[in-house]
Each structure stands twice: as C-alpha cells, then as structure tokens.
Amino acid sequence: MAVETQRLGAAIRSEFPILAHTTYLNSCSQGALSHRVKEAMEGWLAGWDENGAEWEHWVERAEAARGAFARLLHAEPAELAVTTSVTQGVSGIVSALDLAARPKIVISEYEFPTIGQIAHAQELRGAEVVHVTPAEDGSIPPERFAEVVDERTALVCCTTVSYRTGHRHDVAEIARIAHEAGALCLADSYQAIGAIDFDAHALGADFVAGGTVKYLLGTSGLGFLYVRAGLLPKLLPSQTGWFADEDIFRMDISDYSPAADARRFDAGTPPVPNIYAGVAGMSIIEEAGTAAIEEHIGGLATRLIGGLEDIGAVVPTPRDPARRGPLVTVRSTDVRRLVDRLAAEKIVCSERDSNLRIALHLYNVEEDVDRLLDALRENRSLLA
C-alpha cells in the first residue's frame with residue numbers, strides 16, 4: 001500500500017472515538033460516529049433552542065446536502081433530490097413509470113429488500129417482475145441482464161456493490177443494455193458512495209440512489225436520488241410532497257406544479273437533524289477525497305483477502321479490485337456465533353447469508369486487518 005494511503009487511515013482515526021477501544025469493520029451497516037457529526041447534531045439543537053424556528057437556515061442546510069451529494073457523484077445539484085431514504089427515491093421513480101406501456105421491471109438477485117419489495121408492489125399496477133440470478137462464481141454478468149431485458153421493460157435495477165457478497169456490478173454495461181431496449185436503469189449505490197470514486201455521468205445510469213448512514217458517515221434518515229437531467233421533462237412522479245413543488249413558499253393547494261429539476265423527487269419537510277449529521281459526515285469524505293479513499297480501502301482489502309486465503313478461508317468477494325468495493329465477505333459454518341465471538345474481542349463485523357461481512361473504510365488501518373486475521377485464525381473452526 002502506498003505511504004500516502006497508509007497515512008490516510010492513521011491521520012483520521014482520532015476523529016472517531018470508537019476506534020480508541022474497538023476494531024470497527026462494519027461501515028456496510030453504519031459508519032463510525034465522528035466528533036464532527038456529534039458537534040453538528042449539538043449545533044442543530046443549540047440553534048433550535050436559541051432561535052426557535054430556523055426555517056431559512058434549515059432550507060439552506062438541505063441545499064448544502066444537495067450540493068455535497070452532487071459533488072460526490074460528479075453531477076449537478078439540479079440532478080439531485082434530497083430524500084429520507086432509498087425507499088423514498090425509488091418509490092418516486094416507479095410512481096412516474098408508465099407500466100401500461102412497459103410492464104416489466106428487471107431486478108438483480110443482489111438487490112436490497114427495498115428494491116425488490118417496491119418492484120413487486122407494482123404487480124398491483126400490472127407489473128411483471130423478473131429476477132436476474134448470479135453465475136456460479138457469485139457475479140451477475142451483464143449478459144444475464146441482456147437475456148431478459150426487452151422492449152417491454154420499463155426499469156432495470158442493479159446494485160453498484162452487493163451488500164451480500166461484495167461483488168461490483170458493471171453498471172455502465174447494464175445501463176447500455178437497458179438503454180438499447182428503451183428502458184431506464186437504476187443503480188442502488190448505498191454500498192459504494194463514499195468508499196469509491198463515483199461518476200454518475202460516466203456510468204450512464206438514469207438513476208442513482210444512496211444515503212448517509214454507511215460510508216458517508218452520517219446517520220439514518222437522509223438519502224439522495226440522482227436523476228439524469230435529460231429525463232426530467234418526461235418523469236412526473238405521483239408520489240410527491242411540499243418540498244417537491246416549483247415554489248415551496250407559495251403554499252398553493254390548487255394544483256400539482258412539480259419543480260423543473262430533480263427536486264420534483266423531494267417530498268415533505270426535509271429530515272433536518274439528519275441533514276446536519278449528513279453534511280458534517282460528507283465533509284470528512286470530501287476532505288479526504290474519494291479517489292484516495294478508494295485506493296486506501298483497495299490496499300486494505302487486498303491485504304485482507306490475501307490473509308484469508310493463507311488460512312484457507314472461502315472468500316466469495318472477488319480478488320480483482322475492479323470487481324469489488326469496500327466489502328469483503330467470508331463463508332462461515334456458524335456466522336452468528338462468529339460475529340458474537342469477534343464482538344467479544346471488540347472487533348465489530350456483521351453477517352448476511354452465512355457470510356461474515358468485513359467493511360473497510362478510510363479510518364481503518366493495516367493493524368485492523370491483521371487483528372481480524374489473528375482472531376479468525378483462532379476461530380478457524382467457524383470458517384467454511
């Protein structure tokens with residue numbers, strides 16, 4: 001690992017109190033709490049206490065979040081909606097689809113439950129939902145999407161990084177396949193944004209969704225939806241709210257006048273306290289730089305996968321950095337017991353599908369990887 005990326009982890013660790021006593025490897029579930037985020041939340045409370053209604057400042061904070069999301073996606077603020085969750089954003093998307101003309105929704109087997117549940121809910125509107133299954137190596141190659149996407153397809157959904165295995169989809173190729181058939185493409189990127197350098201325009205996806213509770217180091221209750229600018233005139237969501245109006249302070253109840261830009265996918269009153277936390281968390285990511293973070297995490301993941309192979313562990317996550325993100329998974333014979341044993345040693349990981357999930361971030365260092373590997377050697381009987 002380059003000296004510069006080694007320094008990245010060491011330089012930032014004092015910002016996160018939990019790291020003084022715990023090896024934290026669970027950013028795929030929730031990022032570690034920083035002093036900066038805690039101070040931002042306290043600032044929100046102090047302002048409310050001192051000034052009462054701070055509506056103008058709260059609206060400004062929502063716009064600050066929109067701008068930060070745009071910078072992290074290399075997009076424009078007008079292409080970003082500020083949401084409470086991926087659920088809100090995706091529900092807005094499907095509410096704008098003409099499922100009578102194109103009834104098919106294609107989803108990968110690695111989607112988070114939100115995507116699958118929303119897709120199948122559209123069956124009540126006549127939708128047909130098709131699942132794309134993994135290949136034998138655990139990946140979902142783009143050609144598997146090509147086998148089922150056709151002129152009846154309205155929306156193709158893929159994760160950028162699977163929360164179950166750590167595989168990275170070829171979003172650009174999947175988007176190309178969707179567009180060739182006249183369909184739209186959604187990339188759920190919650191497990192990617194903040195941990196990899198991400199360019200929404202270059203990937204070509206029509207929609208990108210995510211939020212702040214994981215690698216963006218904020219709290220739950222704040223998310224984003226990127227909408228490719230050229231699509232906006234064609235998409236009229238029927239799921240809407242006050243802050244999606246073209247003029248929120250006109251207070252007009254007589255018609256539906258959505259904003260001309262991606263704000264039409266906003267909803268009601270923004271999640272103000274979560275925005276304070278989210279803006280603070282994202283500032284840490286922006287200061288470090290996503291390219292440097294991706295390089296730092298990639299080096300740690302390579303060290304981890306090499307160590308796991310040395311002890312004979314089964315690693316579903318690809319070794320090739322281009323095919324994975326910040327999440328490395330390890331097959332276990334009793335993953336719940338393994339997670340508990342690690343927790344007893346103050347090593348925090350998580351689990352999905354009989355896999356131990358190890359999520360690396362900018363604040364992790366080589367010593368974290370080595371400490372985990374030592375613990376896994378001691379618990380080799382719980383590895384497949």
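**Exercise 1. A salt bridge of Asp 245**

With which residue does Asp 245 form a salt bridge, and how far apart are the closest N and O atoms?

*Solution.* The structure is a predicted model.
Step 1. The partner of Asp 245 is Arg 250, and the closest N and O atoms are 3.8 Å apart.
Step 2. The criterion is a side-chain nitrogen of Lys or Arg within 4 Å of a carboxyl oxygen of Asp or Glu, and the pair Asp 245 and Arg 250 is accepted as a salt bridge.
Step 3. Asp 245 is buried because its relative accessible area is 14%, and the limit for buried is under 20%. Arg 250, at 38%, counts as partly exposed.
Step 4. Elsewhere, Glu 63, Arg 66 and Asp 266 are joined into one network by salt bridges that share partners.

**Exercise 2. Salt bridges between separate parts of the chain**

Determine which elements are tied together by the salt bridges Arg 71–Glu 286 and Asp 150–Lys 104.

*Solution.* Side chains of opposite charge can pair when their charged atoms come close.
Step 1. The whole structure contains 23 salt bridges according to the search. One of them joins the side chains of Arg 71 and Glu 286, with an N to O distance of 2.7 Å.
Step 2. Arg 71 belongs to helix α3 and Glu 286 to helix α9 (residues 272–288), so this pair ties together parts that are 215 residues apart in sequence.
Step 3. Arg 71 has a relative accessible area of 48% and is therefore partly exposed; Glu 286 is partly exposed as well, at 31%.
Step 4. In the pair Asp 150 and Lys 104, the N to O distance is 2.9 Å. Asp 150 is placed in the loop between α6 (142–146) and β5 (153–159), and Lys 104 in strand β3 (residues 104–108), so parts 46 residues apart in sequence are tied together.
Step 5. Asp 150 is partly exposed at 22%, whereas Lys 104 is buried at 7%.

**Exercise 3. Strand β7 within its sheet**

Establish the position of β7 in the strand order, its bridge partners and the burial of its two faces.

*Solution.* Strands of a sheet pair through backbone hydrogen bonds, either parallel or antiparallel.
Step 1. The open sheet has seven strands in the order β2-β8-β7-β6-β5-β3-β4, and the pairing is mixed. Its edge strands, each pairing on one side only, are β2 (80–83) and β4 (128–132). On average, neighbouring strands of this sheet are turned by 20° against each other, direction ignored.
Step 2. The order places β7 between β8 and β6. Strand β6 (residues 184–188) runs parallel to β7 and is joined to it by three bridges. Among the bridge partners, Asp 188 is matched with Ala 209, and Ala 187 with Val 208.
Step 3. On the other side, β7 and strand β8 (residues 223–227) run antiparallel and share five bridges. One of the partner pairs is Phe 207 and Val 227.
Step 4. In β7 (residues 207–211), five of the five residues are buried. One face carries Phe 207, Ala 209 and Gly 211, and the other carries Val 208 and Gly 210; both faces are covered.

**Exercise 4. Gln 88 and Gly 52**

Is Gln 88 buried or exposed, and how does Gly 52 compare?

*Solution.*
Step 1. Gln 88 is part of helix α4 (residues 86–95). Its relative accessibility is 11%, so Gln 88 counts as buried.
Step 2. Leaving aside residues up to four places away in sequence, Gln 88 touches Val 82, Thr 83, Gln 239, Phe 265, Asp 266 and Ala 267.
Step 3. Gly 52 is situated in the loop between α2 (35–51) and α3 (55–72). At 27% relative accessibility, Gly 52 counts as partly exposed.
Step 4. Glu 39 is 13 residues from Gly 52 along the chain, and their C-alpha atoms are separated by 19 Å.

**Exercise 5. The span and burial of helix α12**

Compare the span of α12 with the expected value and list its buried residues.

*Solution.* An α-helix has 3.6 residues a turn, so residues three or four places apart point the same way.
Step 1. Helix α12 (residues 366–378) has 13 residues. At 1.5 Å a residue, the expected span is 18 Å.
Step 2. The distance from the first C-alpha of α12 to the last is 19 Å, close to the expected value.
Step 3. The buried residues of α12 are Glu 366, Asp 368, Val 369, Leu 372, Leu 373, Ala 375 and Leu 376.

How values were computed:
Residues are numbered from 1 along each chain as its sequence is written. This is a predicted model: local features need pLDDT of at least 70, side-chain atom pairs count only at pLDDT 80 or more; totals for chains, interfaces and linings use all residues. Side-chain values use heavy atoms; hydrogens and water are left out. Helices (H or I, at least four residues) and strands (E, at least two) are DSSP runs, numbered from the N terminus. Buried means under 20% relative accessible area, exposed over 50%, partly exposed in between (1.4 Å probe, protein chains only). Two strands pair if DSSP finds at least two bridges between them. Contact means heavy atoms within 4.5 Å. Axes are lines fitted to C-alpha atoms, for helices over the stretch in contact, and angles run from 0 to 180 degrees between N-to-C directions. The expected span of a helix is 1.5 Å times one less than its number of residues.
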